[in-house]
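Student: Please take me through this model slowly, and for each term that we use, show me the reasoning that leads to it.

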Amino acid sequence: MTTPALLPLSGRRIPALAAGASSFSHHRATLRLSEKFILLLILSAFITLCFGAFFFLPDNSKHKRFDLGLEDVLIPHIEANKEGKLPGGQIIHGQGGHDEHRHREEEESLRSKIRADHERALQEAKEKLRKTREELRAQIQTEKSKLAQDLKQKESERALPPVPMPKVVGVNDGVPGDPAVREKRDKIREMMKHAWDSYRQYGWGHNELKPLAKKGHSTNIFGNSQMGATIVDALDTLYIMGLQQEFKDGQEWIQQNLDFSVNAEVSVFEVNIRFIGGLLAAYYLSGQEVFKVKAVQLAEKLLPAFNTPTGIPWAMVNLKSGVGRNWGWASAGSSILAEFGTLHMEFVHLTYLTGNPAYYQKVMHIRKLLAKMDRPNGLYPNYLNPRTGRWGQHHTSVGGLGDSFYEYLLKAWLMSDKTDTEARRTYDEAVEAIERHLIRKSNGGLTFIGEWKNGHLERKMGHLTCFAGGMFALGADGSPDDRAGHYLQLGAEIAHTCHESYDRTVLKLGPEAFKFDSGLEAVAVRQNEKYYILRPEVIETYWYMWRFTHDPKYRDWGWEAAQAIDKYCRVSGGFSGVKDVYSSSPAYDDVQQSFFLAETLKYLYLLFSGDDLLPLESWVFNTEAHPLPVLHLGNITLPGSPAQR
């Protein structure tokens, strides 16, 4: 008989095993032990064990009793009860014939069980052998996932210390008395529902949504993992809008699926402001413990990013390995000011909720290190090397790369119930330098904030920089030398300039960046600066200016923006950014950003709500618009806080 050649174990077909040992020996040099072959060997061993157990049972003629102390495990259905009865009521009588009969029944029952186990093992072996390599891998992955889920459950059951909940007010208020304003607020709520329902239908569990392709979307800031960024980012907006079922759906997904033990490299900054900020806000608004637990689990995964020679964190960290690194484009491996400087609010709350001083200490260390460094013209450059502790290239911006560092100095003071005077002083000094070196008036009378590059001022302002109008207004009260009126006016001028950047486009939506030179004012010049990606910063400033002045023009401007978004960005599968705000028929970028639900729609909703919804005396919004409560003195348990001293 010709010995058949062994086929590769590709999962399509298994060669006959009857070829004999000599054939196996002949071909063993070329045989690769695939997962399926190893599994076959294990199953063969198990079957052999079953046969052995069957054929080598004790002989009843030599042994009066088969008793290995395993009856409860192997044959629980024959277990006698305390009255000496077998199931069915049969009474055990002494050591006579009935006893002998019982022994035979036990042995026969055990034989039957082994036969059944043997048949089941053979059946399982056949089923396993029919599976492809991919199916086997999937099965192994399922078992690993189940184990990880069990470990995750145990992790989540670790109790956090009980701390008093800060006083939360204005969570379900804000219904405007004016029917026209209420109608606009209802329209914003409808837009939120369209964005959420589209994500729910087409992108559920993915980080973001491609509304035209109607599928999930992710970027490298989330490590291309499915962490449900839109769900976490949108939770507090859903809650304050009263979309209770939607909030509940999001909570259930987080409870069952949000897992931080993934092998994914994420942006420390983005994950902090969107995930930790979003989870903390959802916890404070709803009181649901799961959000606090998840926030702490994630925060622990971010801590290894601070393992640098200076304590300035890496921009990226792998959630599984804890290995960190910086962006390749960032000035010779530098960390970015807006990234390592936008952790304070969330990390202070983490220390408050956990009693772990590490979070507070990490962010205070950053502040102390920056306080010791020389600052060119009193300005903070955007790049700092975490290995050497030296500035990278001297580029300063209140827009991208720098923006939220200044915002968090002010908000650290506000969140501390205005007791963190060091943060307030640092903010005031920074704003003074910004006003002296970066803020100018255009020929047409528009106030703008430029960028300092290579020793000169670039007369360009980004959409991101437009948040500063709201920041100046928010920081007006408490400013030195009684300059509150000055900073409120400065905020109004920035708001006006940013509105002009919207008003001078075809779509009435603002470009990503706009120039103030060569006769052009508040207009984008380059094609790659003409896009609008559903950004919130201009509307954020409108809202702060409305809260502090109640000038109706801010609601008018906000409504213009809301109508333009609904007209030009809305598609059947959600909302999309547009590539050219100066074109009457722009192309879509096909991304519904998570911050559209977290920030843009939230600020619009607040703009058309009463001031009693999330009042600024009690809440401070992180840079992703997640509201965190002011930690009043009586509640503070931070290391070195006035209450503790």
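Tutor: Let us start with a turn, keeping in mind that this is a predicted model. In the hairpin of β14 and β15, two residues lie between the strands, and Ser518 takes a positive phi near 55°.

Student: How do you know that β14 and β15 pair with each other?

Tutor: Strand β14, residues 513–517, meets β15 over three bridges in the antiparallel sense, and because the rule asks for at least two bridges, they count as a pair. As an example of such a bridge, Asp517 has Leu520 in β15 as its partner. Behind the word "pair" stands the general point that strands of a sheet are joined through backbone hydrogen bonds, in a parallel or an antiparallel way.

Student: What makes β8 and β12 edge strands?

Tutor: Here we need the sheet first, in which three strands follow the order β8-β11-β12, with antiparallel pairing, and the sheet is open. Both β8 (395–396) and β12 (456–458) pair on one side only, and that is what places them at the edges. Strand β11, residues 451–453, is joined to β12 by three antiparallel bridges, and His456 of β12 is the bridge partner of Lys453.

Student: Why is the link between Cys466 and Cys498 called a disulfide?

Tutor: The sulfur atoms of Cys466 and Cys498 are 2.0 Å apart, and because the cut-off is within 2.5 Å, that distance qualifies. The structure holds one disulfide. The angle about the S-S bond of Cys466 and Cys498 is -95°, and the link is left-handed. Cys466 sits in the loop between β13 (460–462) and α16 (467–474), while Cys498 sits in helix α17 (residues 484–503), so the disulfide ties together parts that are 32 residues apart in sequence.

Student: Why are Cys466 and Cys498 called buried?

Tutor: The relative accessible area is 1% for Cys466 and 1% for Cys498, and because buried means under 20%, both residues meet the condition. Another cysteine that can be judged in this way is Cys569, which is buried at 0%.

Student: What makes Phe472 and Tyr487 a tilted pair?

Tutor: The structure holds 25 aromatic pairs. In one of them, the rings of Phe472 and Tyr487 are 6.5 Å apart, centre to centre, with 35° between their planes. The centres satisfy the limit of within 6.5 Å, and because stacked needs planes under 30 degrees apart and edge-to-face needs over 60, the word left for this angle is tilted. Phe472 belongs to helix α16 and Tyr487 to helix α17, so the pair connects parts that are 15 residues apart in sequence. Both rings belong to buried residues, with a relative accessible area of 0% for Phe472 and 7% for Tyr487.

Student: Why is the pair of Tyr502 and Tyr532 called edge-to-face?

Tutor: Their ring centres are 6.3 Å apart and their planes stand at 75°, so the pair is edge-to-face, because that name applies to angles over 60 degrees. Tyr502 lies in helix α17 and Tyr532 in the loop between β15 (520–523) and α18 (537–549), so this pair ties together parts that are 30 residues apart in sequence. Tyr502 counts as buried at 3% relative accessibility, and Tyr532 is buried at 1%.

Student: Which residues form one aromatic cluster?

Tutor: Trp543, Tyr544, Tyr603 and Phe621 do.

Student: Where does Arg200 lie with respect to Trp204?

Tutor: Arg200 lies over the face of Trp204, at 4.0 Å from the ring centre, and Arg424 is placed over the face of Trp413 at 4.6 Å. Each distance fits the condition of within 6 Å.

Student: Which residues have the most contacts inside the largest nonpolar core?

Tutor: They are Ile188, Phe472 and Ile565, in a core of 163 residues. Helix α9, residues 268–286, supplies the largest share of this core, namely 12 residues. Beyond its neighbours within four places in sequence, Phe472 is in contact with residues including Tyr427, Val431, Tyr487 and Ile494.

Student: How many of the residues in the whole chain are buried?

Tutor: Buried residues make up 53% of the 645 residues, in a chain that has 20 helices and 19 strands. Of the contacts between residues at least 6 apart in sequence, 68% join residues at least 24 apart.

Key. Residues are numbered from 1 along each chain as its sequence is written. This is a predicted model: local features need pLDDT of at least 70, side-chain atom pairs count only at pLDDT 80 or more; totals for chains, interfaces and linings use all residues. Side-chain values use heavy atoms; hydrogens and water are left out. Helices (H or I, at least four residues) and strands (E, at least two) are DSSP runs, numbered from the N terminus. Buried means under 20% relative accessible area, exposed over 50%, partly exposed in between (1.4 Å probe, protein chains only). Rings of Phe, Tyr and Trp (its six-membered ring) pair if their centres lie within 6.5 Å; planes under 30 degrees apart count as stacked, over 60 as edge-to-face and the rest as tilted. A charge sits over a ring if NZ of Lys or CZ of Arg is within 6 Å of the ring centre and within 35 degrees of the ring normal. A nonpolar core is a set of buried Ala, Val, Leu, Ile, Met, Phe, Trp, Tyr and Cys residues joined through side-chain atoms within 4.5 Å. Contact means heavy atoms within 4.5 Å.
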